[in-house]
Amino acid sequence: MKATNKSLWQAVKFTLFSISAGLIQVGSFALLELFIKDYWIPYLISLVLSILWNFTLNRRYTFKSAANVPVAMAKVFGFYLVFTPLSTWLGSVAEGFGWNDFLILAITMIANFVLEFLFCKLVVYRGKEDTLKTENKAGESNE
């Protein structure tokens, strides 16, 4: 497959998995918002749930990477060490100006989607894409 088609297909898969992670994030955020009125607590919990889901699916199916999982997760954790405090703070500031919590969440999720794809493609899995061995239905290993 040509590199352009491969990258496009990766972007499509990343988008679909991100949508599923987004549904997890919005659903858990909405549920937590019923009981916890401060924006940042439901946001952080729902963000962690979506990160774990997205990381697992994208490592396996989008980037097909056999990269060392703890190292890859540490890189993603590094991304979120910057993204999470910044987005949490900006979300709280926006809430203080009267913005709707779900509008803040939507804007944050779009920024997260774009930045995380670029970070995974260019940093986390760079040079380690398509290294995961998979098994076909007959139990034979494919590379």
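I looked up Asp101 first and found this residue in helix α4, which covers residues 101-124; helices here are DSSP runs of H or I with at least four residues, and strands are runs of E with at least two, numbered from the N terminus. The model is a predicted one, in which local features need pLDDT of at least 70 and side-chain atom pairs count only at pLDDT 80 or more, while totals for chains, interfaces and linings use all residues. Residues are numbered from 1 along each chain as its sequence is written, and side-chain values use heavy atoms, with hydrogens and water left out.

I then checked the surroundings of Asp101, which is buried (under 20% relative accessible area, 1.4 Å probe, protein chains only). Asp101 has no salt bridge (a side-chain nitrogen of Lys or Arg within 4 Å of a carboxyl oxygen of Asp or Glu), and the nearest side chain of opposite charge, that of Lys37, is 7.9 Å away. Leaving aside residues up to four places away in sequence, I noted that Asp101 touches Phe29, Glu33, Tyr39 and Glu95 (heavy atoms within 4.5 Å).

Next I turned to the helix pair α2 (residues 40-62) and α3 (residues 69-96), whose axes come within 11 Å and cross at roughly 150 degrees. The two helices are therefore roughly antiparallel to each other (angles over 145 degrees). Among the residues making the contact I listed Trp40, Leu47 and Phe55 of α2 and Met73, Tyr80 and Phe83 of α3.

Last, I recorded that the protein has 4 helices and 2 strands, running α-α-α-α-β-β from the N terminus on, and that 36% of its 143 residues count as buried.

Technical notes: Buried < 20%, exposed > 50% of the residue type's maximum accessible area, 1.4 Å probe, protein only. Lys, Arg positive; Asp, Glu negative; His and termini not counted. Axes fitted to C-alpha atoms, helices over the stretch in contact; angles between N-to-C directions. Parallel < 35°, antiparallel > 145°, perpendicular 65-115°, else oblique.
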